[in-house]
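I sat down with this one over coffee and kept short notes as I went. Here is the chain I had on screen.

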Amino acid sequence: MAKRLIPTLNRVLVEKILPPSKTTAGILLPEKSTKLNSGKVVAVGPGARDKEGKTIPGPFKEGDTVLLPEFGGSQVKLGDKEFHLYRDEDILGTLHD
């Protein structure tokens, strides 16, 4: 990336994870069976502000794998890569191995 994007407030910059289209043995997988809206957190904003003006940090950190909603977010293109910006409350959860 030529520039580093730092999200504002409670926004999270996510790079969507593309599922494999075929297995290691070369079997093509149907598109529906590989669909999982997940992504890797690239950058996190400082957090939302409460009524007193104090910053409430978000629940995510860089490197987290998150479950994304089917619709929503703002598409951002930086260089040749495509990212999405979500508010932290729009992200459905964190995925763990």
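Below are my entries, in the order I looked things up.

**Entry 1: the kind of model.** I noted first that this is a predicted model, and I read everything below in that light.

**Entry 2: strand E7 and its neighbours.** I began with E7, which covers residues 81-87. Which strands pair with it? On one account I found E1 (residues 11-16), antiparallel to E7 over four bridges. I also found E6 (residues 74-78), again antiparallel, joined to E7 by five bridges.

I then followed Leu-85 in E7. Its bridge partner in E1 is Leu-13, and Ser-74 of E6 stands opposite Leu-85 as well. The turn between E6 and E7 is a hairpin with two residues between the strands, and there I saw Gly-79 with a positive phi near 65 degrees.

**Entry 3: Arg-87.** Next I went to Arg-87, which sits in E7. Is it buried or exposed? Neither, as it turns out: its relative accessibility is 36%, and because the partly exposed range runs from 20% to 50%, I logged Arg-87 as partly exposed.

I listed its contacts, leaving out residues up to four places away in sequence, and got Asn-10 and Arg-11. I also checked Pro-7: it is 80 residues from Arg-87 in sequence, yet the C-alpha to C-alpha distance is 9.7 Å.

**Entry 4: Leu-9.** While in that part of the chain I looked at Leu-9, in the segment before E1. Its phi is near 45 degrees, a positive value in a residue that is not glycine. Leu-9 has a relative accessible area of 41%, so I put it down as partly exposed.

**Entry 5: Thr-65.** I moved on to Thr-65, in strand E5 (residues 65-67). What does its side chain make a polar contact with? I found the side chain of Lys-40, at 3.2 Å. Setting aside residues up to four places away in sequence, Thr-65 touches Ile-17, Gly-39, Lys-40, Gly-93, Thr-94 and Leu-95.

**Entry 6: the cores.** Last, I looked for nonpolar cores. How many residues does the largest have? I counted eight: Val-12, Val-14, Val-41, Phe-60, Val-66, Leu-68, Tyr-86 and Ile-91. From Ile-91 I traced contacts beyond four places in sequence to Val-12, Val-14, Phe-60, Val-66, Leu-67, Leu-68 and Tyr-86. Apart from this core lies another, of seven residues, and I jotted down Val-42, Val-76, Leu-78 and Phe-83 among them.

How values were computed. Residues are numbered from 1 along each chain as its sequence is written. This is a predicted model: local features need pLDDT of at least 70, side-chain atom pairs count only at pLDDT 80 or more; totals for chains, interfaces and linings use all residues. Side-chain values use heavy atoms; hydrogens and water are left out. Buried means under 20% relative accessible area, exposed over 50%, partly exposed in between (1.4 Å probe, protein chains only). Contact means heavy atoms within 4.5 Å. Two strands pair if DSSP finds at least two bridges between them. A polar contact is a pair of N or O atoms within 3.5 Å; within protein, one must be able to donate a hydrogen and the other to accept it, and residues adjacent in sequence count only if both atoms are side-chain atoms. A nonpolar core is a set of buried Ala, Val, Leu, Ile, Met, Phe, Trp, Tyr and Cys residues joined through side-chain atoms within 4.5 Å.
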